[in-house]
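Me: Hey, can you walk me through this structure? I'm new to this, so plain words please.
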Amino acid sequence: MVYVTRKIEFSAAHRYHNPAFSDEENRRIFGKCNNANGHGHNYVLEVTVGGETDPATGMVLDLKELKEILEREIMNRMDHRFLNYEVPELANQIPTCENIAALIWKLLMPKIKKGRLTRVRLWESSDLYVDCYGDGAA
Amino acid sequence: MRLELTRRYALAASHRLHSPHLDDAENERIYGKCNNPYGHGHNYVVEVTVTGEIDTATGMIAHLGDLDSYVAREIIEPFDHMYLNKDVEAFRDRVPTTENFCMEIFERLKRFPGARLVRIRLEETGRNSFEYAGQRNGDEHD
């Protein structure tokens, strides 16, 4: 098994706010992230696909194809967007790094036909990231 | 959905690698520059990885504020800007290699109540890093 990782970067805004909580609770729980007008990050996404190499090409999958999938599924949806308002799957969730990484996994899983999606690593900043392994083991 | 959250923290500390079980010549041969009697220091980076279910009310595995304050109390305050050999009880009789330091950090964080600790990755410099995920025989969360 060989693992291939492709990295992309997108910039997006979000806000942490749970309508079930009072304004005061929201501020207490989410702190600065509750700012009404949102704030943003430069997210760095690392997508890892594992598999055997195709003897004809020496590749697990065509990286150009992976690049196009990431462009279509992630960049077009999330880059320079306000995640709460512009990504419908996140409309009823708090768009934390955990929930965004899980969504990215769900979006990419059915699109990767060669090799197997092994890990989605989403960096929110240089001191915080989330790894998603789907339902598989680490 | 299996998710792991990793947070990175920086701390600066000094240490000296010197084993009481070895004579001076052997210490110098084995540890080289790291055996300098006055010690030397590093900018360590601690990566703390936790796992658990996402709380749907907050969207989080672990509340970052809780994790940050726990790490501040258990790790940053006792270790940051300290001489590990003298200022930290745990290293009075144990060589403060980054292996031992990494394991010590794991032991201090494994009872974090907000999520399950998976592993500690400790960077001594940008070139050297160490990882510890507890004992594999199931007693890591005793």
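Me: Let's start small: how many residues does the hairpin use to join E4(A) to E5(A)?
Reply: The hairpin that joins E4(A) to E5(A) runs through two residues. Helices (H or I, at least four residues) and strands (E, at least two) are DSSP runs, numbered from the N terminus. Before we go on: this is a predicted model, where local features need pLDDT of at least 70, side-chain atom pairs count only at pLDDT 80 or more, and totals for chains, interfaces and linings use all residues. Residues are numbered from 1 along each chain as its sequence is written, and chains are lettered from A and ligands numbered from 1 in the order in which they are written.
Me: OK. In what sense do E4(A) and E5(A) pair?
Reply: Antiparallel, over five bridges. Two strands count as paired if DSSP finds at least two bridges between them. In this pair, Val120(A) sits opposite Cys132(A) of E5(A).
Me: And what does E2(A) pair with?
Reply: E2(A), residues 39-51, pairs with strand E1 (residues 2-14) of chain A, antiparallel over 13 bridges. There, Tyr3(A) has Gly50(A) as its bridge partner. E2(A) also pairs with E4(A), residues 116-125, in the antiparallel sense over seven bridges. In E4(A), Leu122(A) is the residue opposite Leu45(A).
Me: Which residues does Leu122(A) touch?
Reply: Leaving out residues up to four places away in sequence, Leu122(A) touches Tyr43(A), Leu45(A), Cys97(A), Ile100(A), Ala101(A), Ile104(A), Tyr129(A) and Val130(A). Two residues are in contact if their C-beta atoms, placed from the backbone, lie within 7 Å.
Me: Which residues touch the most other members of the largest nonpolar core?
Reply: Ala101(A), Ile104(A) and Leu122(A), out of 54 residues in that core. H4(A) gives the most to this core, with eight residues. A nonpolar core is a set of buried Ala, Val, Leu, Ile, Met, Phe, Trp, Tyr and Cys residues joined through C-beta atoms within 7 Å.
Me: What counts as buried, then?
Reply: A residue is buried if 20 or more other C-beta atoms lie within 10 Å of its own, exposed if 12 or fewer, and partly exposed in between, with C-beta atoms placed from the backbone.
Me: Back to E5(A). Why is it largely enclosed by the rest of the structure?
Reply: Because four of the five residues of E5(A) are buried.
Me: New topic: how many residues does each chain put into the contact?
Reply: Chain A puts in 22 residues and chain B 15 residues. On the chain A side, the elements giving two or more residues are helix H4 (97-108) and strand E5 (128-132). E5(A) gives the most there, with five residues.
Me: Which strand of chain B does E5(A) pair with?
Reply: Strand E1 (residues 3-15) of chain B, antiparallel over five bridges. Cys132(A) has Leu3(B) as its bridge partner in E1(B), and Asp131(A) stands opposite Glu4(B).
Me: Last one: how many helices and strands does chain B have?
Reply: Four helices and five strands, in the order β-α-β-α-β-α-α-β-β along the sequence. Of its 142 residues, 26% count as buried.
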